[in-house]
Amino acid sequence: MRQDRGSGRSERDEQFHDFVADRRGHLLHTARLLTAGDGHLAEDLVQTALTKLYVSWTAYRRAANPDGYVRRVLVNALITERRRAWWRFERPSERLPERADAESVTADTDPELAHALGELPPRMRAAVVFRFFYELDVAETAEALGCSTGTVKSQTSRALEKLRVALERSAAPRSTRSQHTTMPQKEELIR
């Protein structure tokens with residue numbers, strides 16, 4: 001490993017610095033999708049992923065699919081984070097915790113969809129994000145999740161069913177409201 005004498009950085013440090021400068025925004029966007037808009041958790045995931053990438057920089061550079069490698073590191077960081085003991089236990093509180101703003105997922109993501117995504121388990125959410133937000137095929141998604149293509153298909157199918165139910169549930173009161181609000185307009189059109 002060559003060392004840059006002027007700055008004290010090695011060649012690896014320079015490569016990693018360039019990677020972070022180029023890809024951090026994209027990683028944060030992906031992490032926000034994977035966390036259904038939880039900006040704080042997304043920042044933590046990106047930090048964890050970047051740390052793991054720095055430690056295994058040689059493996060990343062040798063990977064046949066570096067983008068797939070990075071996606072897998074992010075998903076593993078999310079799953080590891082969710083397995084921590086403090087996630088399993090509810091803590092009583094007089095005040096509701098600060099919730100992530102659904103609009104923080106991305107400006108172009110429907111808030112109801114972001115909320116519905118948040119109700120999915122992390123691996124199902126990741127399958128949906130990679131299949132439909134990033135338009136990866138089943139094999140690429142399987143590589144990112146570290147599972148078989150059959151698992152991706154079943155996880156995606158179950159996730160879509162859960163999303164469908166959640167979105168119909170959230171749309172039901174709205175469509176009832178919209179029927180009431182549009183009724184006078186319809187009556188006016190008939191006259």
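This briefing describes the fold, the aromatic contacts and two buried residues of one protein chain. The model is predicted. The chain contains nine helices and zero strands, and its elements accordingly read α-α-α-α-α-α-α-α-α from the N terminus on. Of the 191 residues in the chain, 31% are buried.

**Overall organisation**

- Of the contacts between residues at least 6 apart in sequence, 63% join residues at least 24 apart.
- The exposed area of the chain is about 12500 Å², and carbon and sulfur atoms supply 50% of that area.

**Aromatic pairs and cluster**

- Eight aromatic pairs are present in the structure.
- One of these pairs joins F19 and Y60; the ring centres are 5.2 Å apart and the planes meet at 65°, so the arrangement is edge-to-face, given that planes over 60 degrees apart fall in that class.
- This pair links distant parts of the chain, since F19 belongs to helix α1 (residues 11–34) and Y60 to helix α3 (residues 57–62), with their positions 41 residues apart in sequence.
- Both F19 and Y60 are buried.
- F19 and Y60 also belong to one aromatic cluster, together with F16, Y54, W57 and Y69.

**Charges over rings**

- R12 places its charged end over the ring of Y54, at 4.4 Å from the ring centre; Y54 is itself a member of the aromatic cluster.
- R71 places its charged end over the ring of F130, at 6.0 Å from the ring centre.

**R125 in helix α7**

- R125 is part of helix α7, which spans residues 122–133.
- R125 is buried yet forms no salt bridge.
- The nearest side chain of opposite charge is that of D38, 8.4 Å away from R125, whereas a salt bridge requires a nitrogen-to-oxygen distance within 4 Å.
- Not counting residues up to four places away in sequence, R125 touches L33, L34, T35, A36, L78, L117, G118 and L120.

**T141 in helix α8**

- T141 is located in helix α8, which covers residues 138–145.
- The relative accessible area of T141 is 0%, so this residue counts as buried, the cut-off being under 20%.
- Beyond its neighbours within four places in sequence, T141 is in contact with A127, F130, R131, L136 and V152.
- One of these contacts, F130, is also the residue whose ring lies under the charged end of R71.
- T141 and R71 are 70 residues apart along the chain, and their C-alpha atoms are separated by 9.0 Å.

Technical notes
Residues are numbered from 1 along each chain as its sequence is written. This is a predicted model: local features need pLDDT of at least 70, side-chain atom pairs count only at pLDDT 80 or more; totals for chains, interfaces and linings use all residues. Side-chain values use heavy atoms; hydrogens and water are left out. Helices (H or I, at least four residues) and strands (E, at least two) are DSSP runs, numbered from the N terminus. Buried means under 20% relative accessible area, exposed over 50%, partly exposed in between (1.4 Å probe, protein chains only). Lys and Arg count as positive and Asp and Glu as negative; His and the chain ends are not counted. Contact means heavy atoms within 4.5 Å. Rings of Phe, Tyr and Trp (its six-membered ring) pair if their centres lie within 6.5 Å; planes under 30 degrees apart count as stacked, over 60 as edge-to-face and the rest as tilted. A charge sits over a ring if NZ of Lys or CZ of Arg is within 6 Å of the ring centre and within 35 degrees of the ring normal. Accessible areas come from the Shrake-Rupley method with a 1.4 Å probe; for residues, only the protein chains shown count as cover.
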